[in-house]
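User: I'm new to this one. Walk me through it, please.

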Amino acid sequence: MDGSVITYFEYDFYYFADLEVVNNEVYVAEAFAPRVYKIDLRTGDLELIIDDWSLYYFYDLGFDGTYFYVTEWDLNRYDINGNFDGRASFDEDVMGSAWDGRYLWMLNDVNQIKCWNLSRWPSLTEIPGNMFTPPTPQCRGLWFDGHYFWTAESIDGVLGKIYQFDYDGTIINQWLAPAFRGWSACIVKGTTTPDPDQSYVTLTDESYTGLTTCPAGDGPPYQFVQITVKNVNGYPLAGIPASSFAFTVSPIGATQWYGICSCTFTAVDPETNTNGEIRFAIAGDTAIFGNITIAVTVDGVSLNDLDVLPCNSFDLNIDGSVNLIDFGMFAGDYLGTAHRSDYNWDGIVNLIDFGMFASHYCHGR
Ligand SMILES: [Ca+2]
Ligand SMILES: [Ca+2]
Ligand SMILES: [Ca+2]
């Protein structure tokens, strides 16, 4: 979280103002119309929630766990589905509002953040001793993260800043905003949690189309299984260390194998890159003929199963060692197209395969 842009959406003919986060989803007040939208952060699609044409515009949006609050002339409230639920008499022009778990805090147009008690709704009581000033007079929008407030500066023609600040207005963190005329800032929780539906596992080997195993575990590695990790919003998760990943191999279909089907996964990259990708090389330490699937978990979250990975072995008779028996079987396949002896997966059993076989001769028990 350094203020760099991960993704963005552009909208014509909208003027988004204050933000709120409810159930990890972002809601935005619209200043060109009396509307509140829910934003799908994966697609940018908007869902209309509040649509109240008895009013003109919304500049602020707060949510107390049950109701949305917007000020326009008075303080209006709506349920989570956008149904109107009453109105409290109110006089200020508000540029942002946020609920801190106890009170509604409203940033007004004269550079004050005021604290309002709503427990006697529809009457509002200000708690005057709690009033403070925002980091700068250009701050617009207000959001509360559980400990601190957030806002963003709106300055004509100049990049403003995003501020995280405390109940005195003291700045805790600040970032240069990524666009002009910023208005409000919030954090969507769960952005570092991998999401199974957004993440995927792919096989990327360029030279082999399958895994060739040796009982000694030193067969040519399959390179690579590539895992792409993203969060629920489809953003790549960078910096997840290789040690966070775990693998479970299962033989499927008409697979034959000797002993327990076992594979080792060796990290090629130390951690996921900025695209959320990390690669592992696969080696098998037993004889496997047929297909395997590989289940992947990252920090305990199960990702979708890998595509089928075909397997071969130098241990042709599946007895745990590569010996004279296997050599006899290989010799019978030589210069043919027998799949089991085609160790480089090029469709023919020739000198290349013999060289590979010879280098694993006598491996195993
Ligand atoms: Ca807000
Ligand atoms: Ca054998
Ligand atoms: Ca071959």
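**A first tour**

User: Where is Ile-318 found?
Analyst: Ile-318 is in the loop between strand 25 (309–313) and helix 1 (324–333). Helices and strands here are DSSP runs, numbered from the N terminus: H or I over at least four residues for a helix, E over at least two for a strand.

User: What kind of model is this, and how is it numbered?
Analyst: Residues are numbered from 1 along each chain as its sequence is written, while chains are lettered from A and ligands numbered from 1 in the order in which they are written. The model is predicted: local features need pLDDT of at least 70 and side-chain atom pairs count only at pLDDT 80 or more, but totals for chains, interfaces and linings use all residues.

User: Back to Ile-318. What is its phi?
Analyst: Ile-318 has a positive phi of about 55°, though it is not a glycine.

User: What's the usual sign?
Analyst: Most residues other than glycine have a negative phi.

User: Which other non-glycine residue has a positive phi?
Analyst: Ser-184 is one of them, at about 80°. Ser-184 sits in the loop between strand 16 (171–176) and strand 17 (200–203).

User: Is Ser-184 buried or exposed?
Analyst: Ser-184 is buried, with 28 other C-beta atoms within 10 Å. Buried means 20 or more other C-beta atoms within 10 Å of the residue's own, exposed means 12 or fewer, and partly exposed is in between; C-beta atoms are placed from the backbone.

User: And how many C-beta atoms surround Ile-318?
Analyst: Ile-318 has 16 other C-beta atoms within 10 Å, so it counts as partly exposed.

User: Zoom out. How many helices and strands are in the chain?
Analyst: The chain has two helices and 25 strands. The radius of gyration is 30 Å, well over the 21 Å that the globule rule gives for 365 residues, so the chain is more spread out than a compact globule. That radius is taken over C-alpha atoms, and the rule is 2.2 Å times the number of residues to the power 0.38.

User: What does the C-alpha trace span?
Analyst: About 95 × 35 × 35 Å along its principal axes. Of the 365 residues, 34% count as buried.

User: What are the domains?
Analyst: Domain 1 covers 16–176 and domain 2 covers 205–358. The bounds come from an automatic or database domain assignment. Taken over C-alpha atoms, the two domain centres are 54 Å apart.

User: Show me a sheet. What is the order of strands 1 to 4?
Analyst: They form an open sheet in the order 1-2-3-4, with antiparallel pairing. Two strands pair if DSSP finds at least two bridges between them. Strand 1 (16–22) and strand 4 (46–51) are the edge strands, each pairing on one side only. The twist averages 30° from one strand to the next. Axes for such angles are lines fitted to C-alpha atoms, for helices over the stretch in contact, and angles run from 0 to 180 degrees between N-to-C directions.

User: How do strand 1 and strand 2 connect?
Analyst: They form a hairpin with two residues between them, and Asn-23 in the turn has a positive phi of about 50°. Five bridges join strand 1 to strand 2 (residues 25–30). Val-21 stands opposite Val-26 in strand 2.

User: What joins strand 2 to strand 3?
Analyst: A hairpin, through four residues. Glu-30 has Arg-35 in strand 3 as its bridge partner. Strand 3 (residues 35–39) then pairs with strand 4 over five bridges. There, Val-36 stands opposite Ile-50.

User: Next sheet. Where do strands 13 to 16 stand?
Analyst: They make an open sheet of four strands in the order 13-14-15-16, again antiparallel. Strand 13 (139–144) and strand 16 are at the edges with a single partner strand each, so one side of each has no neighbour in the sheet. Here the twist averages 20° from one strand to the next. In the middle, four bridges join strand 14 (residues 149–153) to strand 15 (residues 161–165). Ala-152 has Ile-162 as its bridge partner in strand 15.

User: Last topic. Which residues does a cis peptide bond join?
Analyst: One joins Trp-121 and Pro-122, with omega about 5°. Pro-122 is in the loop between strand 11 (113–117) and strand 12 (125–126). Another joins Gln-223 and Phe-224, with omega about 15°. Phe-224 lies in strand 19 (residues 222–228). Most peptide bonds are trans.
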